[in-house]
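Please find below some remarks on the cysteines and the pockets, set out as numbered points for discussion.

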Amino acid sequence: MLDFSVNEELCVLCGLCAQDCFHGIIELDEYPKIVDEQRCFECLHCLAVCPAGAISILGHSPEGSSPLKGNLPGEDMMATLIKGRRSIRSYKPEPLEPERIQKLLDTAWHAPTGVNSRSVHITLMDDPDSVKKFRDEIYDRLEDALKDEISEIPYVVNLFKMVCQQMKENSVDILLRDAPHFIIVSAPQSAPSRTADMTIFLSYFELMAQSMKIGTLWNGLLRRVVESVLPDLKEKLGIPEDHEIGYAMLFGKPAVKYQRTVERGEARVRRVEWG
């Protein structure tokens, strides 16, 4: 049940909910109503577009939402946030507060997905002691794993050997950068746009983290370890067997503070005219 309801005292019969419904399943019959619940893919556009705040659906109401007017960042602030984002490779040892991690995850969860499938699976390791144990197990096993023929990663074997050498000789953790937390995103292979969905989620996650002064690092090495070098870790992490791994991301309190944006000039664009 969609639990679609209209506050008749507030509804002004503007019809915007019906106009904006992607599947066209809202009709005005004195007041708005859904005529085919099976075709609703739960986008909640009807709730968001209603200027009078008259529509509730799926247990969500206007009272539980935040008004957009007056609460959005200006374009210059948003540009600075995006331009000021940096990859963080040095972290403070103390963990983030659980409520801040939850806020970060819950906000990124609003990232768009193909046909609103919402199939992204988040594997979180937020306990710093667990992260260290996980890291130590990887380093303990990595050199032996590299001795086997791993057809998927011949071009990165030397890189992983260097990673092991740096940890053994200099106690430098290139793999996890001594970060206190990480996430790995995955999605079922049946998901209609899984690759895009996972990348978009992490992009939203990273930008929200930036606004919260939380550092992040896209981690292809960790993804490769779990996906190819030590594939049994996938099961140990609880990632479903039929899931494709998208990427891994480290996060925590940054131990380095950047002072300004880095300007990269104008975008390379090929403008095309047609007809």
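1. In this predicted model, the sulfur of Cys50 lies 6.0 Å from the closest cysteine sulfur, which belongs to Cys14, and this is too far for a bond, because a disulfide requires the two sulfur atoms to be within 2.5 Å. Cys50 also counts as buried, with a relative accessibility of 18%.

2. The structure as a whole holds zero disulfides. Cys46 is likewise in no disulfide, the nearest cysteine sulfur being that of Cys43 at 6.5 Å, and Cys46 counts as buried at 9% relative accessibility.

3. Turning to the pockets, the largest one encloses about 1,300 Å³ of space. It is lined by 30 residues, of which Leu44, Leu47, Ala48, Ser65 and His110 are the closest to its centre. Helix α2, residues 45-49, supplies the largest share of this lining with four residues, and by class the lining of the largest pocket comprises 15 nonpolar, twelve polar and three charged residues.

4. The second largest pocket has a volume of about 730 Å³, and among its 25 lining residues Gly84, Gln210, Lys213, Lys257 and Tyr258 are the closest to the centre. The elements that contribute two or more residues to this lining are α3 (75-83), α7 (194-211) and β7 (215-219), with α7 giving the largest share, four residues.

5. As to the character of that second lining, the residues of the second largest pocket divide by class into ten nonpolar, eight polar and seven charged.

Conventions
Residues are numbered from 1 along each chain as its sequence is written. This is a predicted model: local features need pLDDT of at least 70, side-chain atom pairs count only at pLDDT 80 or more; totals for chains, interfaces and linings use all residues. Side-chain values use heavy atoms; hydrogens and water are left out. On a 1 Å grid over the protein atoms alone, a cavity is a set of points where a 1.4 Å probe fits but cannot get out, and a pocket is an open set with protein on both sides within 12 Å along at least five of seven lines; lining residues have an atom within 4 Å of a point. Grid points are joined across faces, edges and corners, and a volume is the space filled by probe spheres set on the points. Ala, Val, Leu, Ile, Met, Phe, Trp, Tyr, Cys and Pro count as nonpolar, Asp, Glu, Lys and Arg as charged, and the others, Gly among them, as polar. Buried means under 20% relative accessible area, exposed over 50%, partly exposed in between (1.4 Å probe, protein chains only).
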